[in-house]
Amino acid sequence: MIPTTITFVQETLRGAEAGHDWFHTERVWKLSKFIAEKEGGNLLVVELAALLHDIADPKFHEGDEELALHISKNFLESQNISPEVIDQVLFIIKNMSFKNRGEVPKEVSLEMKIVQDADRLDAIGAIGIARTFNFGGFQNNPMYDPEIQPNLNFKKKEYKKNNGTTINHFYEKLLLLKDMMNTETARKLAEKRHQFMLDFLDQFYREWEFAMD
Ligand code: ADP
Ligand code: NI
């Protein structure tokens, strides 16, 4: 089941933006398995959800928020998987995204918490920094502009416009993730990655100001 899913995801993600490509999925899948080993949870649900979670990001599909669900549902139903597992996996894919955080049901499964933590861990640290600058470049956003302040009260619609500076994205999302981790295992992993981002920002401003003096 898992190898078939991997092949399907690799083929579907061919040519995707580097921050949301197969390698992102692979890292999230492996982190998810690591967290699940410590925290428990149904491994099949965790693995399938991790592998399918970014199969069709609305950002790259004209804002279509149903497409990922649709593709995942068709795929899962074509395989020999129980309807209960399919429902659990689809629930996770539907509710996991950072931009949907205001709209998610209060009670979510352990499996969703695990995959969400893994996805959030891949958004921070050195890889998080690389993904963020890659995505900012993909959008042709400025790296930094001292005149533009971060917007901490984004509504979903504004967040989705993605047109701020890349440095502001650290304050609008990346630095908030450490305290949003669901599991103890992920909270521990997040600490070092979080500190690395703070050090990076510190050095970034030093170099910027040195050049401006
Ligand atoms: P989610 O899929 O959880 O809603 P996003 O797709 O918005 O989260 O973000 C995933 C990653 O894409 C972020 O961690 C970041 O690396 C990058 N990204 C998203 N929005 C921006 C942005 N406005 N500027 C720079 N990077 C961004
Ligand atoms: Ni993801």
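Is helix α6 mostly covered or mostly uncovered, and how many of its 12 residues are buried? Helix α6 is mostly covered, with 10 of the 12 residues buried. The model is predicted. This briefing takes the nickel site, helix α6, Ser32 and the nonpolar core in turn.

**Nickel site**
- Four residues coordinate the nickel ion (ligand 2): His24 through NE2, His53 through NE2, Asp54 through OD and Asp119 through OD.
- The coordination distances run from 2.1 to 2.2 Å.
- The angles subtended by the 4 donor atoms range from 85 to 173°, which makes the arrangement irregular.
- The donor residues follow the sequence spacing H-x28-H-D-x64-D.
- His24 and Asp54 link distant parts of the chain, 30 residues apart. His24 sits in helix α2 (residues 22-39). Asp54 sits in the loop between α3 (43-52) and α4 (67-78).
- Both His24 and Asp54 are buried.

**Helix α6**
- Helix α6 covers residues 110-121.
- At 1.5 Å a residue, its 12 residues should span 16 Å; the end C-alpha atoms are 16 Å apart, so the two values agree.
- Its buried residues include the nickel ligand Asp119. Also among them are Glu111, Gln116, Asp117 and Arg120.
- Met112, Ile114, Val115, Ala118 and Leu121 are buried in α6 as well.
- The elements that cover these buried residues include α2, α3, α5 (83-95) and α10 (184-212).

**Ser32**
- Ser32 belongs to helix α2.
- Its relative accessibility is 0%, so Ser32 counts as buried; the cut-off is under 20%.
- A polar atom of the Ser32 side chain lies 2.6 Å from the backbone oxygen of Val28.
- Beyond its neighbours within four places in sequence, Ser32 contacts Val46, Ala50, Ile114, Val115 and Ala118. Of these contacts, Ile114, Val115 and Ala118 are buried residues of α6.

**Nonpolar core**
- In soluble globular proteins, nonpolar side chains tend to be buried together.
- The largest nonpolar core here has 51 residues.
- Which residues touch the most other members of this core? They are Leu52, Leu76, Val89, Val115, Leu121 and Phe170.
- At least two core residues come from each of α1 (2-12), α2, α3, α4, α5, α6, α9 (166-172) and α10.
- Helix α3 gives the most to the core, with 7 residues.
- Outside its neighbours within four places in sequence, Phe170 is in contact with Ile129, Thr132, Phe133, Leu175, Met197, Phe200 and Leu201.

Notes. Residues numbered from 1 in each chain as written. Chains lettered and ligands numbered in written order. Predicted model: local features only at pLDDT ≥ 70, side-chain atom pairs only at ≥ 80, totals over all residues. Heavy atoms only, no water. Donors = N, O, S within 2.8 Å, 3.2 Å for Na, K, Ca; no water. Tetrahedral: all angles 85-135°; square planar, octahedral: opposite > 155°, others 65-115°. Helix = DSSP H or I, 4+ residues; strand = E, 2+ residues; numbered from the N terminus. Buried < 20%, exposed > 50% of the residue type's maximum accessible area, 1.4 Å probe, protein only. Expected span 1.5 Å × (residues − 1). Contact = heavy atoms within 4.5 Å. Polar contact = N/O pair within 3.5 Å; in protein donor to acceptor, adjacent residues only side chain to side chain. Core = buried A, V, L, I, M, F, W, Y, C linked by side-chain atoms within 4.5 Å.
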